[in-house]
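Biologist: Before I trust any labels on a model, I'd like to hear the reasoning behind them. Can you walk me through a few?

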Amino acid sequence: MAESHGERFRRVLTLYDNEKNQNVRADSRKGSHKYILMAAIDFGTTFSGYAFSFTSNKDDIRMNKNWGSEVGSLSYKTPTSVLLTPEKEFKAFGFDAIKKYADLEESEARSHFYFHRFKMELHSVKTLTSYTTIKDANGKRLPALDIFAHAMWYLKDHMLKAIKQSIPSETTLEDDDICWVLTVPAIWDDNAKQFMRRAAYKAGMASEANEGQLLIALEPEAGGICCRLDPTQNHVVDLEIGDRYMIVDCGGGTVDITVHESSGNGKAKEVISPTGGHWGGTRVDEQFLNLLDNIFGKDIMARYKLAHPNEYLNLLIEFETKKRSTLPNPDDSAIVAVHLGFNFFQFYPRHTKGRTVQEAIKQYKSQEIVFSNGMIRMNHSIMKSFFTPAVDSILNHLDELLAGQAVMPLKYMFMVGGFSESPILQHAVRENFDGVCDVIVPDGCGMAIIKGAVIFGHNPSCIAARKSKYTYGVSICPPFDPDRHPDRLKEWRDDELVCTKVFSKCVEAGQLVEVGETSEHKFVPVTRSQTAISFTIFR
């Protein structure tokens, strides 16, 4: 309000955070020294995992590398899949959920609840509440909060068992000895980030009353922290004060891109707000499924998915394996073969008046796609074309960012996240941008997010400042000015004409806000009888 109103009240708005920093902040004064252990969960669209380290030895970051042992595989991550009983009780997660679901009889499978790659539901739902539901593989709906909480509970419980095995039996680890870090895409809005926080509390990951025990780490930030602070990566990164680097976090669902500038002492500040889109590895899967729709019919494939859900899942799993091993420039005669399920060969003719699977592939009239020995066999050019929409979207967005002066000069471009492991994506990015900056794909780029989340937990102030994505402010009632204010908003208050509902800016979009920065704003009562002031923050 105008200075003429005096300074009878003073309101200090402490900007602990901008829009992104609100959920990310940890009170550095409380810090990790109050905790014995830092535990992080990377909740991914396709795969999830965890890592932890003790405050007494922060650099010794430990991860479970035995995911999948029940199915003869060893991995640092497990599929983000949840299986519930017909009574909606938790049954399995990850590789175990996939195996148990696939082992069910078809009628049993339809009565169970199986959720696979459900994280992206939060990206598409505009308003998330405790009542928001998501579909399982059979089209049945359950509350999203429950499904996310089931997954987080399992990961938390699995990690606690691993932690217990790593400490002496006489050592007792209490709940408040652990600080938890949960990763989220940076391009998600506050609503989705807050939803993940609620799910984590429901899973018992932290106490809501214990401020700072649950931190939210933005995925590209965590990836960048790993690239510049992880001791195993120091030999490939040489950052000086003022050097800028871009983090391209390519996950299963989203691609998050941000640019940071080194500010010394192991800290960095944000140069641009995170951007990106739905261009992750699942876009490649969508192209493959579109091909099957075109060959066999969209309606037929939808009905097959419902009739034989576990067989349909096996199809996706096999394609995922082929996708990860596809090279950018193989031999011209290279063939990619994917098995079609046993039941599909009976299901398809039954719903097409006797037409066989082999006849459908022949009628598609593509010399690059043939049927042989129960498999659909595709030339490499077809497989590579599945990557085109996602890769082109990433390259075009990077072109736009690098064309702007805001991010230049750029020293490094770090590729992190599971989709960054793709040789095709790596080749495309290097081919287009190696002359602009050094493109670095760190060893184990798929684990950079989870390792960086642990490092961030130990030292949240390593991100010193962030750009506000939105403009924030409050509603005030200044003296009415007929040249500036509409008549419909004027009111008399204590013999003075004021304008109601005027937006007063506290933080502006694009403004650089330091972690812990305090911004002071002065307000006064609107009437002489007013004894308190309440503020609603608008953006």
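**Helices, a sheet and one aspartate**

Modeller: Sure, and keep in mind that this is a predicted model. Let's start with helix 9 (residues 298-307) and helix 10 (residues 309-324), which pack with their axes 5 Å apart and at an angle of about 110°.

Biologist: Why are helix 9 and helix 10 called roughly perpendicular to each other?

Modeller: Their angle is about 110°, and 65 to 115 degrees counts as roughly perpendicular. So that's the label helix 9 and helix 10 get. Helix 9 makes the contact through Met301, Tyr304, Lys305, Leu306 and Ala307, and helix 10 through Pro309, Glu311 and Tyr312. By class, that's 6 nonpolar, 2 charged and no polar residues.

Biologist: On to the open sheet of 7 strands. What makes strand 20 and strand 26 edge strands?

Modeller: The order is 20-19-13-14-15-21-26, with mixed pairing. Strand 20 (438-440) and strand 26 (512-514) each pair on one side only.

Biologist: How do you know that strand 13 and strand 19 pair?

Modeller: Pairing takes at least two bridges, and 5 bridges join strand 13 (residues 244-250) to strand 19 (residues 412-416). They therefore count as paired, and they run parallel. In one of the bridges, tyrosine 245 has tyrosine 412 of strand 19 as its partner.

Biologist: Last one: why is aspartate 177 called buried?

Modeller: Its relative accessible area is 14%, and buried means under 20%, so aspartate 177 qualifies. Aspartate 177 lies in the loop between helix 5 (144-165) and strand 11 (178-184). Beyond its neighbours within four places in sequence, aspartate 177 is in contact with Tyr35, Ile36, Leu37 and Thr172.

Terms used
Residues numbered from 1 in each chain as written. Predicted model: local features only at pLDDT ≥ 70, side-chain atom pairs only at ≥ 80, totals over all residues. Heavy atoms only, no water. Helix = DSSP H or I, 4+ residues; strand = E, 2+ residues; numbered from the N terminus. Buried < 20%, exposed > 50% of the residue type's maximum accessible area, 1.4 Å probe, protein only. Contact = heavy atoms within 4.5 Å. Axes fitted to C-alpha atoms, helices over the stretch in contact; angles between N-to-C directions. Parallel < 35°, antiparallel > 145°, perpendicular 65-115°, else oblique. Nonpolar A, V, L, I, M, F, W, Y, C, P; charged D, E, K, R; others polar.
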